[in-house]
Amino acid sequence: MSSLSRLLSPARIGIACAIAFLTGCATTQGPDTADAQALLDQLNQEYAYETQSDPLGAYLANRGKTDVITTYSAHTATDHSPKGNHGLASTALNYLGVKYRFGGSAPSSGFDCSGLVSYVAEKSLGLKLPRRSAEMARLGQSIKRHELQKGDLVFFNTSGQRFSHVGIYLGDNKFVHAPSTGSVVRIEDMNINYWKKRYNGARRLASAK
């Protein structure tokens with residue numbers, strides 16, 4: 001049992017109170033030393049029985065404190081770590097299943113690839129992006145593939161032109177995008193041969209918020 005648990009134990013509190021009472025009274029009433037020692041011995045025995053009779057309870061109590069501290073530490077670390085553009089990716093996932101529409105830029109009417117990215121960037125980061133994916137590819141910071149983080153923009157050559165398609169990286173080689181006519185906003189694997197062959201760069205945006 002931790003020192004904190006011992007301090008908060010009812011038996012330990014009883015011992016402390018008894019010591020304080022006996023010490024405080026010694027100057028006025030002068031109790032018999034043998035009686036005082038007998039009382040302290042009894043309280044100590046009760047305390048020892050309490051802590052030894054329920055070791056599992058003591059362990060769980062301490063484990064509970066550890067869990068709270070661990071959770072708090074992890075939360076603190078998360079709060080102070082760079083969040084990047086995670087909100088961009090998280091917001092995009094709200095529109096999975098929205099139908100593809102060429103030139104579409106709203107969930108009510110549908111999205112094309114750049115329409116989805118533009119809409120989500122404004123909602124999550126407060127950024128107004130150019131409408132075309134090739135223009136988006138000039139923004140922010142160029143990122144190498146092994147440096148990709150959640151929320152980065154990933155670009156592909158799907159029509160014989162560089163940066164003709166754009167999506168939002170989710171991590172674990174996955175990205176979300178609005179693919180083509182007849183499809184819906186969905187998640188794809190960048191390791192599939194089709195996307196691997198057509199991948200041609202990534203950019204990291206800076207939040208305006």
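Accessible areas in this tour come from the Shrake-Rupley method with a 1.4 Å probe. By that method, the chain exposes about 12600 Å², and carbon and sulfur atoms supply 55% of this area. The model on the screen is a predicted one.

**The whole chain**

Begin with the entire chain selected and shown as a cartoon. Eight helices and eight strands can be traced along the chain. Of the 209 residues in the chain, 34% are buried. Contacts may also be displayed: among those between residues at least 6 apart in sequence, 55% join residues at least 24 apart.

**First stop: helix α6 and the loops beside it**

Select S114, which is found in helix α6, residues 113-125. Is S114 buried or exposed? S114 counts as buried because its relative accessibility is 6%, and the term buried applies under 20%. Leaving aside residues up to four places away in sequence, S114 touches R131, R132, S133, M136 and V166.

One of these neighbours, R131, leads to the next selection. Add D112 to the view: D112 and R131 form a salt bridge, with the closest N and O atoms 3.1 Å apart. This pair links distant parts of the chain, since D112 is in the loop between β2 (110-111) and α6, while R131 is in the loop between α6 and α7 (133-136), 19 residues apart. D112 counts as buried, at 7% relative accessibility, whereas R131 counts as partly exposed, at 31%.

**Second stop: further salt bridges**

Side chains of opposite charge can pair when their charged atoms come close. How many salt bridges does a search of the whole structure find? The search finds seven.

Select D152 and R204 next. Their side chains meet in a salt bridge, at 2.8 Å from N to O. Here too the pair links distant parts of the chain: D152 is in the loop between β3 (141-143) and β4, and R204 is in strand β8, 52 residues apart. D152 is buried, with a relative accessible area of 1%.

Then move to K174 and D189, which form a salt bridge whose closest N and O atoms are 3.7 Å apart. K174 lies in strand β6 (residues 174-177) and D189 in strand β7, so the pair ties together parts that are 15 residues apart in sequence. K174 is partly exposed, with a relative accessible area of 27%. D189 also counts as partly exposed, at 23% relative accessibility. Add D172 to the selection: salt bridges that share partners join D172, K174 and D189 into one network.

**Third stop: the aromatic rings**

A pair of aromatic rings is described by the distance of the centres and the angle of the planes. A search of the whole structure finds nine aromatic pairs. Select F156 and Y199 and turn the view until both rings can be seen. Why is this pair called edge-to-face? The ring centres of F156 and Y199 are 5.8 Å apart and the planes stand at 70°, so the pair is edge-to-face; the cut-off for that term is over 60 degrees. F156 lies in strand β4 (residues 153-156) and Y199 in strand β8 (residues 199-204), so the pair ties together parts that are 43 residues apart in sequence. Both F156 and Y199 are buried.

Y194 and W195 make another edge-to-face pair, with 4.9 Å from centre to centre and 90° between the planes. Y194 counts as partly exposed, at 37% relative accessibility, whereas W195 is buried, with a relative accessible area of 8%.

Add F175 to the rings already displayed: F156, F175, Y194, W195 and Y199 form one aromatic cluster. Before leaving the cluster, select R145 as well. R145 lies over the face of Y199, at 5.1 Å from the ring centre.

**Last stop: a nonpolar patch on the surface**

Switch to a surface display and select L93, L96 and I187. These residues make a nonpolar surface patch of about 220 Å². Where is I187 placed? I187 is in strand β7, residues 186-189. At 40% relative accessibility, I187 counts as partly exposed. D189, from the salt bridge with K174, is in strand β7 as well, and this strand closes the tour.

Terms used: Residues numbered from 1 in each chain as written. Predicted model: local features only at pLDDT ≥ 70, side-chain atom pairs only at ≥ 80, totals over all residues. Heavy atoms only, no water. Patch = residues over 30% accessible without salt bridge, like charges linked within 9 Å, V, L, I, M, F, W, Y side chains within 5 Å. Salt bridge = Lys/Arg side-chain N within 4 Å of Asp/Glu carboxyl O. Helix = DSSP H or I, 4+ residues; strand = E, 2+ residues; numbered from the N terminus. Buried < 20%, exposed > 50% of the residue type's maximum accessible area, 1.4 Å probe, protein only. Contact = heavy atoms within 4.5 Å. Phe/Tyr/Trp six-rings, centres within 6.5 Å; stacked < 30°, edge-to-face > 60°. Lys NZ or Arg CZ within 6 Å of the ring centre and 35° of its normal.
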